[in-house]
Structures are given as C-alpha cells and as structure tokens.
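Trainee: I would like to learn how the labels used for a protein model are justified. Could we go through some together?

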Amino acid sequence: MQLGPLLHTQTIVQCLMGAAEMLSFTELSISVADVVPPILTGFLDSGIDKIVTKGAAALFDMYESVLLKAMPNFFHTFVREKLNTFVKNSLQVLTVCENEDVSVNGLIDFRDLFLNPETALSEGATGGSPYGNVINWVWDLVNTVLFSADESGLLAMNDILIKPLTKAQSGQEGLVSFNHSLVDLKKAHFHHDIWNAFADHLRLGMSNLRLNGLDTFTEPFHIIKPSNKSGHVLENHITLGTDENSLDATFQFDIEVGGDDSPIATKNAMDLQVSMPSNIEIFADLFAAVDASNFIKMPLKNVLNLNCWLSMMAHTKDSIDTAKTSLHSSGLALHYFDMMFDNFTAKSSCISCSNKALEDFDEMMDFLAANDFFANVSYRGRSILSEILESEWMGGLFHSQIQAAAFRCPSGSDLPSNQIRENSVPFETSRQLVDGILYASMSVAQIIAVVLVQKNADVELPMDVAIELDVPVDAKLIDFTNLTNVASWADMALEEANSYLGSVHKNDNGQDALGIVNIMQSLILDDDGLLTIDIADQGFEAGGVVLSLYNVSLVGLDSFTSFDVLNATGAQQLKNTAKLDTLGVSVSMGLSVGEGNELETVTASLVLKDIELDVSFLVALDEGILGDLKLGSVMDTSNIFYCILSAIHTIGKFTDTVDLASLICPLITIH
C-alpha cells in the first residue's frame with residue numbers, strides 16, 4: 001500500500017480496511033455491575049406512564065439477577081456474531097482504495113502539506129490540499145499538545161517528551177550524557193626534524209560530553225514552519241534556556257605532547273564547562289526539494305526507513321554526473337543558519353595535569369572574559385559556523401548522502417552502486433576562518449603569558465645555589481682568578497677582550513656601538529640587525545589553506561647598551577651582565593587561503609624591552625685537555641667554540657636574574 005491514499009481523512013479507514021484479508025472479533029466480553037431500572041414515557045397520559053413504568057420496574061426486579069448473569073454470554077455470542085457478519089460484508093464492499101492511483105507531479109509545496117487550505121492559499125500555495133489533510137490535522141495536534149506554552153513561556157514538550165527521555169538516558173531530567181570518546185586525534189610521527197625536536201607524538205581528545213538544561217525549550221519556538229517566500233523552505237526557530245536554568249555543556253579535554261627528550265612534554269586531562277547565562281536562539285532555514293510523486297507513492301513498509309525519505313530529495317542526472325556538485329543542485333541544503341546569545345562563561349578543573357600552570361586555567365579564562373575575548377570569539381565562531389553550514393561543501397555533503405540513501409532504500413534509485421560518489425566538493429577554508437583562528441590563538445597565547453608573569457611577579461629570587469662540579473679526580477681545572485698559571489698573557493688578553501666587547505667603538509657606518517654589536521653586525525647579523533634562521537619546506541596544506549614557515553629571526557641583538565662578561569668571582573665562577581634595549585623573536589610565514597591565491601607574508605613577533613641580564617656560571621675547564629688541542633683546530637672561527645666546549649667537564653648556572661621593563665604587544669602583520 002502506498003502512503004498517498006492514507007493522507008486523506010475521508011478514505012483512510014476505507015484504505016486500511018481494504019488492505020485486510022480477514023477481520024473478525026474473536027472475543028467480546030462485557031461485565032455489568034448493575035442496570036438502572038427502565039423508565040417508560042410517552043403514553044396517553046401521565047397516569048398510564050406511571051402504571052406502565054411501575055409494572056416494568058416490578059418485572060425488572062424479578063429478572064435483574066438473571067439479566068446480569070446472561071449479559072456477558074449474550075455479547076460474546078449474539079452481538080459478536082452480528083458484528084463479524086457486518087465486518088465481513090464491509091470487507092467485500094471495500095475492496096478498492098479510492099485514492100490509490102492519485103498522481104501529483106513536481107516538488108512538494110510545504111505550505112499545502114502542513115497548512116490548512118485557507119492559510120496555504122494566503123501564503124501563496126494552491127490551497128487545494130493536493131497531498132491530503134491528514135498531515136495538516138496531525139501537525140495542528142502536535143503544535144497544540146507539544147508546543148503550547150505555560151505562563152512562564154516553557155513549552156509542554158519539556159514535561160511530555162524531554163524530561164522522560166533524558167531521565168531514561170542519563171538518570172537526570174534535562175541531562176544527556178555521552179560517556180565515551182568523541183574525538184581522539186593522534187599524531188605518532190612528525191616528518192620534519194624541526195617538529196621532532198619538540199615532540200615525537202601528539203594527542204588531542206574530547207570525551208564524556210554532558211549537555212544539561214535541555215528541558216528548557218521556551219517561546220519563541222517553531223519548527224518545520226513553511227516559509228511564505230518559498231514552498232520548499234522550512235523555517236525553524238528554537239529557543240533554549242531560562243534565567244533560572246541555563247544551558248551548559250561539560251566535557252573532558254585531553255592533551256598529550258610526548259617524548260622523553262621533549263622540552264614541552266606534558267600530559268593533561270581537564271574538565272571544561274561552558275555555560276550560557278541566558279537563553280540561546282537558533283535560526284535555521286532548511287531547503288528541501290522533495291519529489292511529490294515519490295512521496296505519494298512511497299510504500300507504507302518504507303515509512304520508517306530514513307534512507308527512503310532522503311531518496312525523495314529531487315536531483316537530476318546532471319547533478320549526479322557532474323564532477324563538482326553545487327549547492328543549488330542538491331535537494332537538501334541549509335539556506336540560512338544563525339545563533340543568538342548574549343555571552344557565555346567558561347570554567348575548568350584539572351582531573352590530572354602534569355603541567356601545574358593549567359591549575360590556574362580558570363584565572364586565565366576570567367581574564368579573557370573580562371577583556372571581552374569570549375564575546376569576540378563567539379561572534380566570529382557564529383559567523384564561521386554559518387558560513388560552513390551554508391557552503392557548497394555542505395551542499396555537496398548532503399548531495400552525496402542523498403545518492404547513497406537512494407541506493408540503500410529498497411524502492412530507491414536504479415543508480416549503480418559504483419556511481420555513488422563521496423562528496424566531490426572539497427572543503428575550502430575561508431579567510432574569515434583563518435583570521436578567526438589566528439585571532440583566538442594569539443589572544444590565548446598572550447593572556448597565558450601575562451597570567452603566568454603576573455603569578456610569578458612577587459616570587460622572591462632564590463639565594464645562590466650550591467652546585468657540586470662533577471669532574472675527574474685527577475683533572476686540573478683552570479682558576480679564572482689567576483689565569484697567569486695557564487699563560488702569562490691570559491689575564492691581560494681576557495681583560496682586553498672584555499674591554500673591547502663592552503666599550504663603544506665606531507662601526508663601518510661611522511656610528512657608535514659596543515664592540516659586541518660591531519662583531520655581531522659583521523659576522524652574523526643582516527643589514528636590519530636580525531639573526532635570521534631560514535627554514536625550508538616546513539608547513540602544511542589543508543582545506544584550501546597553504547601555510548609555509550619561511551624563517552625565524554632574533555630581534556634586538558644589535559641593541560646592547562652594556563656588555564660585561566667572563567668576570568671571575570671565584571676559582572671556577574664567572575659573572576656575566578648585559579643590558580639590551582630590545583630582545584625578541586619574529587616568525588615569518590607564507591599564508592594562502594583559496595585555490596590559486598598567492599602566498600601572503602604573515603609575521604608574528606614578540607619583543608621585550610629594556611632587558612637587564614645577570615647570570616653567573618660555574619665552569620670546570622680542564623687545563624690539560626685545553627692544552628692538548630691542536631693549533632689548526634682553533635684557527636677556524638667556526639671550530640673555536642666547539643673545541644673549547646670539548647675541554648669543559650661541567651657547566652652549572654647558580655644565579656640568574658632577568659629584569660624586564662616592558663613587553664611590546666605581540667603583533668601579527670599580513671602583507
């Protein structure tokens with residue numbers, strides 16, 4: 001039997017009975033506790049009425065017990081046989097369903113499907129109920145029973161559906177919990193050495209999602225509401241949350257950066273909670289091009305098969321064969337999506353955190369909230385989500401699912417399974433998405449840095465640390481307070497070198513600069529005063545985004561205003577002090593969004609200002625090993641540093657002080 005004939009109230013009973021091969025009452029029992037004595041009226045006058053009624057009452061009193069005893073058997077035999085005869089004769093007559101051959105062409109106009117004829121006509125539809133009136137009647141009943149609101153604006157569906165269903169799922173009304181892993185991303189190996197230097201594997205996970213406050217559906221609310229602008233668009237407006245019972249989501253977030261030698265090794269599991277202080281409104285306009293003929297002729301046995309409903313979405317042979325499916329060729333698409341809410345709050349707690357700084361994550365999020373970070377992120381996030389859901393990629397995803405559904409439905413398309421394509425529209429990242437990610441990541445990095453600095457601002461500097469030098473027993477260590485034991489000229493040479501490095505001299509441009517700056521400018525710095533380390537082929541390409549890492553530059557190495565190093569304060573102790581105007585790092589990357597676009601240069605920089613360094617070392621330099629070095633090995637400037645290191649048994653830092661006057665705001669520039 002097809003669905004179409006059952007959509008008309010005047011024929012639904014006839015069609016259902018016409019489908020029955022046999023229908024009979026197998027048992028008809030009745031239990032009667034008492035029978036009201038009969039009252040007879042309408043005779044010649046009231047006197048006769050009274051006499052006849054009394055006579056009937058007397059007769060009734062005589063046989064009431066017999067009547068009560070015989071009543072069940074009377075219905076089970078006589079009445080049941082008469083009913084079965086009537087049903088049998090009716091089935092012989094109702095052999096044909098009058099609307100069985102109904103035919104409707106084109107696409108379904110949802111206004112004619114869900115609205116009564118008068119309203120449908122006023123909204124621009126035909127108003128002729130071409131798809132029957134059962135769905136309209138049922139939908140009116142649903143709106144009346146489920147979507148009616150009480151005095152506080154809460155919908156009846158909260159008590160009728162949501163609370164029982166959520167309690168059955170989670171044990172608590174209004175709560176849905178998914179106690180399993182939702183996202184588990186692992187990267188076990190990095191192809192580039194620069195990444196392997198930091199970590200040999202990475203894992204991100206999200207699990208144990210809990211949504212609370214789902215029993216707060218409130219006005220304004222409507223779903224599957226036909227649009228008055230198009231017969232193929234269904235408008236949806238959902239409102240969730242109240243001032244007393246807000247909507248919130250909690251989930252467990254895991255991050256693991258591994259490697260025995262990783263400088264950033266960490267393993268953390270945290271509970272994150274996001275709450276909406278007020279309600280949230282969701283707007284979604286769904287476009288659905290449903291083939292009316294397939295809808296009317298749908299076999300009743302397929303009504304509960306979702307694939308059969310999806311297979312009704314209209315699509316042409318061209319849209320199936322075309323390599324790139326457009327949004328407009330798909331029979332299902334989101335034409336509009338938006339979310340509205342005032343703001344949200346976030347809280348966290350450590351389940352197990354190897355990084356103790358994460359215990360202060362709440363403080364970081366409070367700082368972010370106070371600086372409107374969440375408000376800006378939510379605005380950007382809503383725009384990005386709308387853009388993705390309304391994109392051609394999403395339309396192509398819908399289209400591929402419709403093709404697959406037509407193949408899976410028993411009465412679906414004849415399209416061969418080998419022509420069922422996956423989504424052929426690639427996901428293309430928009431500039432808005434990239435800008436949003438850059439904004440969020442840089443803001444979070446800045447705030448984390450600021451909070452950590454504030455946390456340690458009042459920490460007292462530790463006293464000098466006693467360090468034991470691990471050297472061979474027979475080693476003869478150089479005494480830096482008396483270098484004449486090594487060579488008679490050693491003290492004077494070190495003093496002259498230190499004097500040159502820390503004093504002002506004219507550079508090649510005729511400008512005054514410290515000796516250390518002149519040496520750096522002539523040997524390792526470029527014309528802009530930067531120490532640039534080029535990095536080749538370190539980047540990735542995904543979703544239409546190309547990101548290439550060009551180079552990393554150290555900024556401020558030409559800004560030394562004081563440089564006093566290698567001052568002996570003990571036999572193996574060297575004190576070093578320096579001052580710089582600026583010191584920082586700059587990372588240069590190439591960014592391209594969209595196919596065929598040229599790479600733009602993105603520069604991210606972090607610069608410190610007015611830095612004072614005070615560092616002391618214990619150095620165990622072996623005089624014997626140093627004396628055995630070949631002269632030729634130290635004649636090349638590129639080897640001197642490594643040769644001296646080979647003669648050192650141990651280096652220990654026992655004091656260090658860094659004074660920072662200010663932090664220049666981190667910058668991202670794109671050009």
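Mentor: Below, we take some labels one at a time and set values against definitions.

Mentor: This is a predicted model, where local features need pLDDT of at least 70, side-chain atom pairs count only at pLDDT 80 or more, and totals for chains, interfaces and linings use all residues. Residues are numbered from 1 along each chain as its sequence is written, and side-chain values use heavy atoms, leaving out hydrogens and water.

Trainee: How do you know that C308 and C409 form a disulfide?

Mentor: A disulfide is a pair of cysteine sulfur atoms within 2.5 Å. The sulfur atoms of C308 and C409 are 2.0 Å apart, so the pair fits that definition. The structure holds 2 disulfides; another one joins C350 to C353, with 2.1 Å from S to S.

Trainee: What is the handedness of the link of C308 and C409?

Mentor: That link is right-handed, with 95 degrees about the S-S bond. The link of C350 and C353 is left-handed, with -100 degrees.

Trainee: Why is C308 called buried?

Mentor: Buried means under 20% relative accessible area, exposed means over 50%, and partly exposed is in between, using a 1.4 Å probe and protein chains only. C308 has a relative accessible area of 2%, so C308 is buried. C409 counts as buried too, at 5%.

Trainee: And what label does C350 get?

Mentor: C350 has 30%, so C350 is partly exposed. Its partner C353 has 11% and is therefore buried.

Trainee: Why is L165 called exposed?

Mentor: Its relative accessible area is 56%, so L165 is exposed. L165 lies in helix α6; helices are DSSP runs of H or I with at least four residues, strands are runs of E with at least two, and both are numbered from the N terminus.

Trainee: What makes strand β5 and strand β6 a pair?

Mentor: Two strands pair if DSSP finds at least two bridges between them. β5 (residues 248-258) and β6 (residues 266-275) are joined by 10 bridges and run antiparallel, so they meet that condition. Q252 stands opposite D271 in β6.

Trainee: How many bridges link β6 and strand β9?

Mentor: There are 8, in the antiparallel sense, with β9 spanning residues 345-353. The bridge partner of N268 in β9 is C353, the cysteine that a disulfide joins to C350.
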